[in-house]
Amino acid sequence: MPVTVIVGAQWGDEGKGKVTDFLATQADIVSRFQGGNNAGHTVIVNGVTHKLHLLPSGVVNPAVKNVLGNGLVVDPKVLLQELASLADKGLVPQLFISDRAQVILPIHRWLDGAAEDSGGGIGTTRRGIGPTYTDKVQRSGVRIGDLLDPRRLRERLHDMLPEHLLVLRHRGSHIPASDYEALAAADLSALIADPTPLVEAMAEEYLAYGAQLRERIVDTVALLHDGLNHNATIVLEGAQGTFLDIDHGTYPFVTSSNTISGGACIGAGVPPTMIDSVCGIVKAYTTRVGSGPFVTELDYDTDAGGKHLTDAGHEFGTTTGRRRRCGWLDLVLLRRAVELNGMTTIALTKLDVLGGLSEIKVCVAYELDGTRLTRMPSDAADLARCVPVYESLPGFEKLSKATVVHASEQGLSALPKAAADYVRYIEQHLEVPIELIGLGPGREETIDRRKTG
Ligand code: IMP
């Protein structure tokens with residue numbers, strides 16, 4: 001597997017962190033290629049839980065080179081905090097940051113929050129992701145490399161801030177004291193006319209971050225291609241999921257980057273001809289955070305299945321703590337995800353969560369205005385009106401610790417028959433081999449069918 005891309009096949013939170021960590025044990029380089037600290041990866045190694053938002057999942061392995069590629073939006077403050085928290089656990093990762101990646105500035109967070117507070121938001125993570133990508137496309141953004149150049153950084157801030165402050169004022173928002181106490185009471189109109197005090201406060205703060213990160217800021221495309229030239233094994237780790245993709249997701253209820261496998265080429269600078277395999281991470285059921293259509297959603301309060309999936313799956317966001325919306329597996333979406341990503345293999349996660357349900361439903365088609373659909377409509381409003389057509393499969397008992405240990409060693413045949421049949425059912429419908437099956441959060445609670453058959 002010289003170059004493997006890992007992508008989420010649903011709306012994020014499929015358990016990519018665990019799978020990337022699993023594959024990272026065989027990798028030389030792990031690179032993220034889009035998004036920022038809106039992601040939430042939980043990796044558990046030897047009983048120690050690592051909650052990562054920005055860093056690649058390979059950071060828990062000291063032998064792996066980790067990369068934040070050019071396609072990312074990086075909040076340097078969060079980055080330094082995550083590095084410090086790893087250092088507290090004795091981990092000092094090899095980490096390299098693209099000089100081309102965009103910088104999330106406080107103004108981006110303020111704009112994101114103000115948009116959400118205005119009531120017109122889509123339930124973002126409020127981390128400033130959308131406004132930072134907007135600045136990138138508008139060619140007014142600050143890149144990580146600019147943090148090493150005081151004159152350029154000040155120039156960029158001077159150009160960018162007045163327009164953003166106008167929007168902030170329009171939304172009735174202000175500068176939070178938690179960011180710049182001295183400017184919290186500042187008159188935004190005065191700053192729009194002359195942003196110098198804010199430019200100076202930000203420049204001072206962000207130049208200090210640049211100084212701390214200096215050794216790690218490199219041309220990551222060169223790093224990855226040097227690796228390719230030496231036959232390195234590379235994992236390109238996606239964040240969020242297929243249906244949060246800005247082009248292919250449930251627009252406008254999406255994130256602002258290309259989350260599908262094609263995004264890896266752009267966001268890491270690795271061409272399509274170099275990619276050998278694409279691993280799609282499929283959660284054994286479906287979850288979504290934030291607003292937007294969700295055909296197979298189950299109500300937490302009125303549907304026992306919804307409560308079971310949420311509670312047994314601990315479906316609360318790693319990044320925001322929000323309760324995730326839960327529902328049955330949706331094969332209409334997953335077939336599209338297979339097409340979009342060109343999946344060569346699937347990792348099915350959290351199969352154990354279904355244990356204890358007497359019946360498991362799977363959505364095989366939609367009905368819209370009396371017509372049966374096997375492909376999702378492009379329009380989010382139409383998708384929201386679709387009614388799921390279910391097939392019902394038998395459930396299985398809660399998996400005991402012994403069954404999990406046994407199955408992780410022996411394979412599918414050591415699982416209850418209904419659990420193994422569920423895996424085969426999905427595999428037949430998607431026509432992609434399911435090679436990894438997650439039975440719990442730990443790295444060792446995994447069936448690797450490449451070994452067990
Ligand atoms: P943003 O990425 O913060 O702009 O949020 C846009 C949408 O993507 C919102 O619905 C978020 O809840 C969702 N989102 C962003 N990152 C993740 C993630 O890592 N997992 C699940 N949903 C996410």
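This passage walks through the salt bridges of the structure and then turns to its cavity. The model is a predicted one, with residues numbered from 1 along each chain.

To start with the charged pairs, the count of salt bridges comes to 25. One of them joins the side chains of Asp75 and Arg109, with N to O at 3.8 Å. That pair ties together distant parts of the chain: Asp75 is in the loop between β6 (73-74) and α2 (76-88), while Arg109 belongs to helix α3 (residues 106-120), 34 residues apart. The two partners differ in how they are covered. Asp75 has a relative accessibility of just 3%, so it counts as buried, whereas Arg109 is partly exposed, with a relative accessible area of 22%.

Glu427 and Arg449 make another salt bridge, and here the closest N and O atoms are 3.0 Å apart. Again the link is between distant parts of the chain, with Glu427 in helix α14 (residues 417-430) and Arg449 in helix α15 (residues 449-452), 22 residues apart. Both Glu427 and Arg449 are buried.

A more local case is the salt bridge between Arg385 and Asp382, whose closest N and O atoms are 3.4 Å apart. These two sit in one helix, α12 (residues 380-385), three residues apart, or about one turn of the helix. Arg385 has 45% relative accessibility, so it counts as partly exposed. Asp382 is also partly exposed, at 26%.

Salt bridges can also join up into a group. Asp13, Lys283, Glu315, Arg324 and Lys350 do just that, being linked in a network of salt bridges.

Now for the empty space inside. Rolling a probe the size of a water molecule over the atoms shows where such space is left. In this structure, one cavity of 30 Å³ or more turns up, and the volume of the largest cavity is about 50 Å³. Which elements each supply at least two residues of its lining? They are α1 (16-24), β16 (345-349) and β20 (434-438). Among the residues lining the largest cavity are Lys18, Val19 and Phe22, along with Ala347, Leu348 and Thr349. Leu436, Ile437, Gly438 and Thr446 complete the list. Sorted by class, this lining has six nonpolar, three polar and one charged residues.

Terms used
This is a predicted model: local features need pLDDT of at least 70, side-chain atom pairs count only at pLDDT 80 or more; totals for chains, interfaces and linings use all residues. Side-chain values use heavy atoms; hydrogens and water are left out. A salt bridge is a side-chain nitrogen of Lys or Arg within 4 Å of a carboxyl oxygen of Asp or Glu. Helices (H or I, at least four residues) and strands (E, at least two) are DSSP runs, numbered from the N terminus. Buried means under 20% relative accessible area, exposed over 50%, partly exposed in between (1.4 Å probe, protein chains only). On a 1 Å grid over the protein atoms alone, a cavity is a set of points where a 1.4 Å probe fits but cannot get out, and a pocket is an open set with protein on both sides within 12 Å along at least five of seven lines; lining residues have an atom within 4 Å of a point. Grid points are joined across faces, edges and corners, and a volume is the space filled by probe spheres set on the points. Ala, Val, Leu, Ile, Met, Phe, Trp, Tyr, Cys and Pro count as nonpolar, Asp, Glu, Lys and Arg as charged, and the others, Gly among them, as polar.
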